[in-house]
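Student: I am new to this structure and would like a close look at one part of it. Please pick a strand, go through what surrounds it, and then place it among the other parts.

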Amino acid sequence: MATVINISDLRVEYPSRELGSKTKVAVDGLSLDVQQGQIFGFLGPNGAGKTTTMNVLLGFVEPTAGNATIFGVSVTDKSARQRLGYLPELTYYYKFLTPEELLRFYGKLFRIPKAVLEKRIDEILAMVELQDARKRQIKTFSKGMQQRAGLAQALINDPDLLILDEPTSGLDPIGRMKVRQIIQRLKNEGKTILFSSHELGEVETICDRVCIIHQGTLREMGTVQDLVARHQCNLEQVFLRVVGYEGAVPSRPGGVTV
């Protein structure tokens, strides 16, 4: 399979606000790759460097050292983002807009021809099950509906790669199921999806591969089945153990979880 995302020895430093320290290292020598058509879970505790890494891929942050490419193009090149869609953890849209107005606005930013755009809007609203609410203002939407409107926005340019930051955060079980179904449908269409999540049950259900980063470094990577077999416990316990949480379930000699 073709490599969609390649990150090699990535390092990102910020000016530090701490007394006596000049810089803070957010990402330290991170290397990973994401293959075409995969759903890749990007895991780690708060402050692990996930958001910084995604911001590098999105062109919001310049790396201090190392390289990152999307479809073989450096992320420092604006053209790398032409085939990319992004859903932030917190969506800030003008609440007086309707879903179709929101999509029309973003479609114009991508310079999508009007006839193509209107057809695309119809298709996407049907996909995210907002066709019956297309003329309602977003401020009247539930959290789940707002999240699906955000997904629709991320899809307007028909991207080959989607970066989703906590796509199911704060949703009820039905809302999570709807978003999960959309993500699975996008995978079936051949799209590649990188998403960050603390909902490890969601990750276990839909991800082909996952990685766990902590303090800016890669600690584990592989399929969920590989990680579970390697540590002889469920993904949640793998995560807690990898990040050094003292409450993680220990394992006996031979890999049997206590």
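**Strand S9 and its surroundings**

Tutor: Strands S9 and S10 are antiparallel and are joined by five bridges. The model is a predicted one, and everything below is read from that prediction. Within the pair, isoleucine 213 has leucine 218 of S10 opposite to it. The two strands make a hairpin, with two residues between them. One residue of the turn, glutamine 215, has a positive phi of about 55°.

On its parallel side, S9 is joined to strand S3, residues 39-43, by four bridges. Here valine 210 of S9 has glycine 41 opposite to it. S9 therefore has a parallel pairing with S3 and an antiparallel pairing with S10, and strands of a sheet can pair through backbone hydrogen bonds in either of these two ways.

Next comes the question of cover. How many of the six residues of S9 are buried? Six of the six are, and the strand is mostly covered. Buried is used here for a relative accessible area under 20%. In a regular strand, side chains alternate between the two faces of the sheet. In S9, Arg209, Cys211 and Ile213 are on one side, while Val210, Ile212 and His214 are on the other. Residues on both sides are buried, and both faces are thus covered.

Part of the surroundings of S9 is helix H7, residues 224-231. Its buried residues are Val224, Leu227 and His231. Seen down the axis of H7, these buried residues fall within an arc of 70°, so they line one face of the helix. The general reason is that an α-helix has 3.6 residues a turn, so residues three or four places apart point the same way. What do the buried residues of H7 pack against? They pack against S9 (209-214) and S10 (217-222), and also against helix H6 (200-206) and helix H8 (235-242). After H7 comes glutamine 232, which has a positive phi, near 55°.

Helix H6 leads to another buried site. Threonine 168 sits in the loop between strand S7 (161-165) and helix H5 (173-188). This threonine is buried, with a relative accessible area of 4%. Leaving aside residues up to four places away in sequence, threonine 168 touches Gln147, Arg176, Val179, Ser197, Glu199 and Glu202.

A loop beside S7 holds a contrasting residue. Aspartate 158 lies between H4 and S7. Aspartate 158 is partly exposed, with a relative accessible area of 42%. Its phi is positive, about 50°, although the residue is not a glycine. Aspartate 9 also has a positive phi, near 50°, and is a residue other than glycine, but aspartate 9 lies in strand S1.

S1 belongs to an open sheet. The sheet has four strands in the order S2-S1-S4-S5, with antiparallel pairing. At the edges are S2 and strand S5 (73-74), each of which pairs on one side only. Inside the sheet, S1 (residues 3-15) and S4 (residues 65-70) run antiparallel and are joined by five bridges. Isoleucine 5 has isoleucine 70 of S4 opposite to it.

That leaves the pockets. The largest pocket has a volume of about 330 Å³. Its lining is made up of 14 residues, and those nearest its centre are Phe60, Arg81, Leu84, Tyr86 and Phe110. Strand S6 (84-87), helix H2 (99-109) and helix H4 (143-155) are the elements that each give two or more residues to this lining. S6 gives the largest share, three residues. By type, the lining has eight nonpolar, four polar and two charged residues.

The second largest pocket holds about 250 Å³ of space. It is lined by 19 residues, and Asn46, Gly47, Ala48, Gly49 and Lys50 lie nearest its centre. Strand S2 (23-35) and helix H1 (50-57) are the elements that give two or more residues to this second lining. The lining of the second largest pocket consists of five nonpolar, nine polar and five charged residues.

To return to the starting point, S9 is joined to S3 and to S10, and buried residues of H7 pack against S9.

Notes
Residues numbered from 1 in each chain as written. Predicted model: local features only at pLDDT ≥ 70, side-chain atom pairs only at ≥ 80, totals over all residues. Heavy atoms only, no water. 1 Å grid on protein atoms, 1.4 Å probe; cavity = no way out; pocket = protein on both sides within 12 Å on 5 of 7 lines; lining within 4 Å. Points joined across faces, edges and corners; volume = space filled by probe spheres on them. Nonpolar A, V, L, I, M, F, W, Y, C, P; charged D, E, K, R; others polar. Buried < 20%, exposed > 50% of the residue type's maximum accessible area, 1.4 Å probe, protein only. Arc of directions from axis to C-beta. Contact = heavy atoms within 4.5 Å. Pairing = 2+ DSSP bridges.
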